[in-house]
There are 2 protein chains.
Amino acid sequence: MANEISSASVPTLRRLPLYLHYLKQLKEKEILYISSTTLAKQLKFEAIQVRKDLAVTGIVGRPKIGYPVSELIKKIERFINWDKTMNAVIVGAGALGSALLGYTGFEDSGLKILSAFDADINKIGSVIHERPVLSLNDLPKYIKENNISVGIITVPASSAQQICDLLVSAKVKSIWNFTPVVLETPKNIIVKNQDPIRGLAELTFRLKHSK
Amino acid sequence: MANEISSASVPTLRRLPLYLHYLKQLKEKEILYISSTTLAKQLKFEAIQVRKDLAVTGIVGRPKIGYPVSELIKKIERFINWDKTMNAVIVGAGALGSALLGYTGFEDSGLKILSAFDADINKIGSVIHERPVLSLNDLPKYIKENNISVGIITVPASSAQQICDLLVSAKVKSIWNFTPVVLETPKNIIVKNQDPIRGLAELTFRLKHSK
């Protein structure tokens, strides 16, 4: 098991959804096979990188024909766990929380955001993109009753740790953190930080050195 | 110059905003020096990693005293170009675009989002978080007149490439892409992909293997 984990680098994991997105378009067009060179060209990766990335899923390409599209989709989905449904809640029904509720990109991923939670009584009881906004007081009970494995945090930074503690004590397995706060969690909790400010430094640094 | 670029890894660049955020809190509390071990403990990094990360900025810590807080803030800001103002526009005034307009995390970064653009006549003329929503037709002229160096794309995936082409032809230097589309751009354009779906695969993969 440990081997399998270390066999996929973070950059590979970040590219797999892009392959998946493109492969599904091919499948819709009833294209049965795709070569690593064509994939590389379309996604602007190197062909050698494509072969290395896809090898982690266990797929075997056929010489001169390429990868079978349907099988590759299934193998990627299985590899990154997108063949399962993972229930999630969003805590923080502000602008970012609402945007994520309306985001259509999760359709392929197995992530099901069931509800949003907020402390603001003006928001509680409302519906955002067909999901109810519930009271923060009901969060622990809801998590236990709905098999929630992902807690998405979109509250202001000043409340992030408190919400994280609440999610952890209610036994979510993972936290998707959209705040800039470095969260304190027990070691068994999976935390993925998604604050855009982290990506911005990459862009601005390259902008400086491109002149 | 090439040496300087290669001396900062992407993980380091992604951590620098977190140091900055924390250091500014220290400065507000009028704390003058901070050790690498304290920084490591607070941000949950390894002390050796903290020293390596901060070394890229050219900062020199004092034995037994630590790093001078104000100087370290300045050096990080200069290193990632956050000591300059970079003007930006958002294209796509939907839920995600609105969320980014309301995001307070950019305050420290030098990124100034001046306006949003949209093709929807129901949105054009409105104001979101104090920024006007302008017509897409006015985008090229606006970019040239307002020294816009960052184009932020938050349109639906199906329009992303078209908007990217428009931004490139209007001579933005960089694109911050919040869509899942792999954009086709000339080599001199800096593209940073920020679609949350890429981060989700990291989380769900680890969730699978943690059981």
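The following legends describe close-up views of a predicted model with chains A and B.

**View 1. The open sheet of chain A.** Seven strands of chain A make up an open sheet, with the order β5-β6-β4-β3-β7-β8-β9. The pairing within this sheet is mixed. Strands β5 (127–128) and β9 (190–193) of chain A stand at the edges; each has a single partner strand, so one side of each is left without a neighbour in the sheet. As background, strands of a sheet pair through backbone hydrogen bonds, and the pairing may be parallel or antiparallel.

**View 2. A parallel pair in chain A.** Strand β7 (residues 148–153) and strand β8 (residues 174–177) of chain A pair in the parallel sense. The pairing extends over 4 bridges. Within this pair, Gly151(A) stands opposite Ile175(A) of β8(A).

**View 3. A parallel pair in chain B.** Strand β4 (residues 111–118) of chain B is joined to strand β6 (residues 131–135) of chain B by 3 bridges, and the two pair in the parallel sense. Asp118(B) has Ser135(B), in β6(B), as its bridge partner.

**View 4. The hairpin of β5 and β6 in chain B.** Strand β6(B) also pairs with strand β5 (residues 127–128) of chain B, here in the antiparallel sense and through 2 bridges. Ile128(B) stands opposite Arg131(B) in β6(B). The two strands, β5(B) and β6(B), form a hairpin with 2 residues between them. In the turn, His129(B) has a positive phi of about 45 degrees.

**View 5. The interface between chain B and chain A.** Each chain enters the contact with many residues: 60 residues come from chain B and 60 residues from chain A. The area buried between the two chains is about 6000 Å², and carbon and sulfur atoms give 69% of this area.

**View 6. Polar and charged links across the interface.** Between chain B and chain A there are 4 salt bridges. One salt bridge is formed by Glu202(A) with Arg14(B), where the closest N and O atoms are 3.4 Å apart. Across the interface, 18 residue pairs are in polar contact.

**View 7. The side of chain B that touches chain A.** The elements that give two or more residues to this side include the helices α1 (2–6) and α2 (10–28), and the strands β7 (148–153) and β8 (174–177), of chain B. Helix α9(B) gives the most, with 14 residues. By class, this side of chain B has 34 nonpolar, 13 polar and 13 charged residues.

Notes:
Residues numbered from 1 in each chain as written. Chains lettered and ligands numbered in written order. Predicted model: local features only at pLDDT ≥ 70, side-chain atom pairs only at ≥ 80, totals over all residues. Heavy atoms only, no water. Pairing = 2+ DSSP bridges. Contact = heavy atoms within 4.5 Å. Buried area = accessible area lost by both parts, 1.4 Å probe. Salt bridge = Lys/Arg side-chain N within 4 Å of Asp/Glu carboxyl O. Polar contact = N/O pair within 3.5 Å; in protein donor to acceptor, adjacent residues only side chain to side chain. Nonpolar A, V, L, I, M, F, W, Y, C, P; charged D, E, K, R; others polar.
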